[in-house]
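I opened this notebook to keep track of what I looked up, entry by entry. The topics are charged pairs, a surface patch, a helix packing and some backbone angles.

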Amino acid sequence: MQQVAIVTGGTSGIGLAAAMALDRAGYTVHTFSRRGTGPEGLHHWSVDLADEAAVTAAVHHIAGRHGRLDLVVNCAGFGISGAIEFTNTADAQRLFDVDFFGMVRVNRAALPHLRKSRGRILNVSSVAAPIAIPFQAYYSAAKAAVNSYSLALANEVRPYGVSVAAVMPGDISTGFTAAREKSNRGDDVYGGRIARSVAKMERDERRGMSPETVGAYLCRLAQVRRLKGSYAVGFQYRFFCLLARLLPVRLLNWLVYRLYAV
């Protein structure tokens, strides 16, 4: 039978690219986003991931309609930037509510169906998880939470044949950059370092790999026989993640400081 996939954030960026790649690979694809319409030829659900009842209803409806659910790809998210000292707690909580807890809600609703199909979950994280980025601390923290959650969940559901992995892209050229919610509050106190840091990161993002590259990678992971716990996308970022594991923390953080905090 044709496999059924849910892709969150599936109307733009990595989510759209993943949804289209899965469609070409023969999956029946349902996209979730807050937009009223989705990609042509795919099934779309206008769902706010902060609304647990709406998420649960949509997931159960999809699984009931097809009699199965085989794959969940969690791509939805947004970024904020600014100094920790000057970021409102409510703004940080709102980011976590989408980037982390939105994923949690979707997976919680999907797991009863994935156990039946021995399906899999791909949670899109970021290289900013193992390499924490100054002035984008809450985004790094949310993605680090995605990584830890994914590894824990993988062991919880392993006996049922369900596979889980965190997938860490690096710099990607998408609308995510323009949509980032930037705050320069306190930049006078920080000597202009907030604005310089975010501008450097955004230059890197605009020169980054295409979302189609990441979407194709996610599609391949959906079909590999056996998943490992986490993946960095691209040789350069696999190398950075290796350095993050091997270098002393003090040296790694000093290098990040020189790149993004001076």
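Before the first entry I fix the terms for accessibility: I call a residue buried under 20% relative accessible area, exposed over 50%, and partly exposed in between. I also note that the model is predicted.

**Entry: salt bridges**

I searched the whole structure for salt bridges, and the search returned nine. I then went through some of them individually.

In the first pair I looked up, the side chains of Asp 91 and Arg 94 form a salt bridge, with 3.7 Å from N to O. Both belong to helix 3, which covers residues 89-99, and because they are three residues apart there, about one helical turn separates them. I checked the accessibility of each partner: Asp 91 has a relative accessible area of 29% and is therefore partly exposed, and Arg 94, with 36%, is partly exposed as well.

The next pair joins Arg 105 to Asp 97 through their side chains, with 2.6 Å from N to O. Are the two partners buried or exposed? I found Arg 105 to be buried, at 12% relative accessibility, whereas Asp 97 is partly exposed, with a relative accessible area of 24%.

For Lys 200 and Asp 204, I read a salt bridge in which the closest N and O atoms are 3.0 Å apart. Both residues lie in helix 7 (residues 193-206), where they are four residues apart, about one turn of the helix. Lys 200 comes out as partly exposed, with a relative accessible area of 23%, while Asp 204 falls under the 20% cut-off and counts as buried at 16%. I also recorded one network, in which salt bridges with shared partners join Arg 180, Lys 182, Glu 202 and Glu 205.

**Entry: a nonpolar patch**

Which residues form a nonpolar patch on the surface? I listed Leu 251, Trp 254, Leu 255, Tyr 257 and Val 262, which together have about 440 Å² of accessible area. I followed up on Trp 254, which lies in helix 10 (residues 249-260) and is partly exposed, with a relative accessible area of 48%.

**Entry: helix 3 against helix 5**

I describe two packed helices by the angle between their axes and the distance between the axes. Helix 3 packs against helix 5 (residues 137-157) at an angle of about 35°, and their axes are 10 Å apart. The crossing of helix 3 past helix 5 is right-handed. On the side of helix 3, I noted that Ala 92, Leu 95, Phe 96 and Asp 99 make the contact, and that the residues of helix 5 taking part include Tyr 138, Tyr 139, Ala 142 and Val 146.

**Entry: positive phi**

I looked for this feature because most residues other than glycine have a negative phi. Arg 118, which is not a glycine, has a positive phi near 55°. I placed Arg 118 in the loop between helix 4 (101-117) and strand 6 (120-124), and with a relative accessible area of 56% Arg 118 is exposed.

Phe 135 is also not a glycine, and I read a positive phi of about 70° for Phe 135. The loop that holds Phe 135 runs between strand 6 and helix 5. Is Phe 135 buried or exposed? At 9% relative accessibility, Phe 135 counts as buried, whereas Arg 118 in the preceding note is exposed.

Note on methods. Residues numbered from 1 in each chain as written. Predicted model: local features only at pLDDT ≥ 70, side-chain atom pairs only at ≥ 80, totals over all residues. Heavy atoms only, no water. Salt bridge = Lys/Arg side-chain N within 4 Å of Asp/Glu carboxyl O. Helix = DSSP H or I, 4+ residues; strand = E, 2+ residues; numbered from the N terminus. Buried < 20%, exposed > 50% of the residue type's maximum accessible area, 1.4 Å probe, protein only. Patch = residues over 30% accessible without salt bridge, like charges linked within 9 Å, V, L, I, M, F, W, Y side chains within 5 Å. Areas by Shrake-Rupley, 256 points an atom, 1.4 Å probe, with all protein chains shown as cover. Axes fitted to C-alpha atoms, helices over the stretch in contact; angles between N-to-C directions. Left-handed = near helix turned anticlockwise from the far one by under 90°. Contact = heavy atoms within 4.5 Å.
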